[in-house]
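Colleague: Please pick one part of this model and take me through it closely. Keep it at a level that a first-year student can follow.

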Amino acid sequence: MKTSLLIPLATAICLAACAPAPVAPPPGPGVVAVPGPGVVVAVGDQRYYTHGAFYVEHGRRWTWAGGHWVRRHGHRVWIHGRYIVQG
C-alpha cells in the first residue's frame, strides 16, 4: 500500500520541481508594473568576481575580463569571465 502511494507522490514532486516558474524583473525607472499573466526569462552575464573590476597582488594588476560566447566544434559555448594579468 505504501509503495503504491509513494511512486505517484514522488512523480508529482519531480514534475513540480521541473516546471518553469514565472519570474518578472523589477520595474526600472519610469516603468509601471502591470499585473497579469506572462513569463519573462532574463539572461545576463553574472559578475563572478570577488575583488571588483581589478586588484593588485604581488605587484601585478589583475583586471576582470567579462564572459563571452565562442564557437567550438559547431556549437556556441559560454566562456565565463575571469581575471587576467595586465603587464
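Modeller: What follows is a close look at the open sheet, with the rest of the chain as its setting.

A word on the ground rules comes first. This is a predicted model, so local features need pLDDT of at least 70 and side-chain atom pairs count only at pLDDT 80 or more, while totals for chains, interfaces and linings use all residues. Residues are numbered from 1 along each chain as its sequence is written, and side-chain values use heavy atoms, with hydrogens and water left out.

Start with the setting. The protein chain has one helix and five strands. Both kinds of element are DSSP runs, numbered from the N terminus: helices are H or I with at least four residues, and strands are E with at least two. Along the sequence the pattern reads α-β-β-β-β-β. The chain has 87 residues, and 8% of them are buried. Buried here means under 20% relative accessible area, exposed means over 50%, and partly exposed lies in between (1.4 Å probe, protein chains only). The accessible surface comes to about 7900 Å², with 64% of it on carbon and sulfur atoms. Such areas come from the Shrake-Rupley method with a 1.4 Å probe; for residues, only the protein chains shown count as cover. Take the contacts between residues at least 6 apart in sequence: 19% of them join residues at least 24 apart. A contact means heavy atoms within 4.5 Å.

Now the sheet itself. Three strands make an open sheet in the order 1-2-5, and the pairing is antiparallel. Strand 1 (54-57) and strand 5 (82-86) are at the edges with a single partner strand each, so one side of each has no neighbour in the sheet. From one strand to the next, the twist averages 35°. For angles like this, axes are lines fitted to C-alpha atoms (for helices over the stretch in contact), and values run from 0 to 180 degrees between N-to-C directions.

Look at the first pairing. Strand 1 meets strand 2 (residues 60-65) through four bridges, in the antiparallel sense. Two strands count as paired if DSSP finds at least two bridges between them. Phe54 faces Thr63 of strand 2. Glu57 is set opposite Arg60, also in strand 2. Follow the chain around the turn. The hairpin of strand 1 and strand 2 has two residues between the strands. His58 lies in that loop. It is not a glycine, yet its phi is positive, about 55°. Most residues other than glycine have a negative phi. With 78% relative accessibility, His58 is exposed.

Next, the side chains on this sheet. Arg61 lies over the face of Phe54, 3.7 Å from the ring centre. A charge counts as sitting over a ring if NZ of Lys or CZ of Arg is within 6 Å of the ring centre and within 35 degrees of the ring normal.

Then come the aromatic rings. The structure holds four aromatic pairs. One of them is Tyr55 with Trp62, which is stacked, at 6.3 Å centre to centre and 10° between the planes. Rings of Phe, Tyr and Trp (its six-membered ring) pair if their centres lie within 6.5 Å; planes under 30 degrees apart are stacked, over 60 edge-to-face, and the rest tilted. Tyr55 is buried at 17% relative accessible area. Trp62 is partly exposed at 23%. Trp64 and Tyr83 make an edge-to-face pair, with 5.1 Å between centres and 75° between planes. Trp64 belongs to strand 2 and Tyr83 to strand 5, so this pair ties together parts 19 residues apart in sequence. Trp64 and Tyr83 are both buried. Put the two pairs together: Tyr55, Trp62, Trp64 and Tyr83 form one aromatic cluster.

Finally, look at the other two strands. Strand 3 (residues 68-72) runs antiparallel to strand 4 (residues 75-79), with five bridges between them. Val70 has Val77 in strand 4 as its bridge partner. These strands form a hairpin with two residues between them, and His73 sits in the turn. Phi of His73 is positive too, near 55°. His73 is exposed, with a relative accessible area of 80%. The charged end of Arg76 is over the ring of Trp69, 4.5 Å from its centre. Trp78 is in strand 4. At 28% relative accessibility it is partly exposed. Its C-alpha is 7.1 Å from that of Gly67, which is 11 residues away along the chain.
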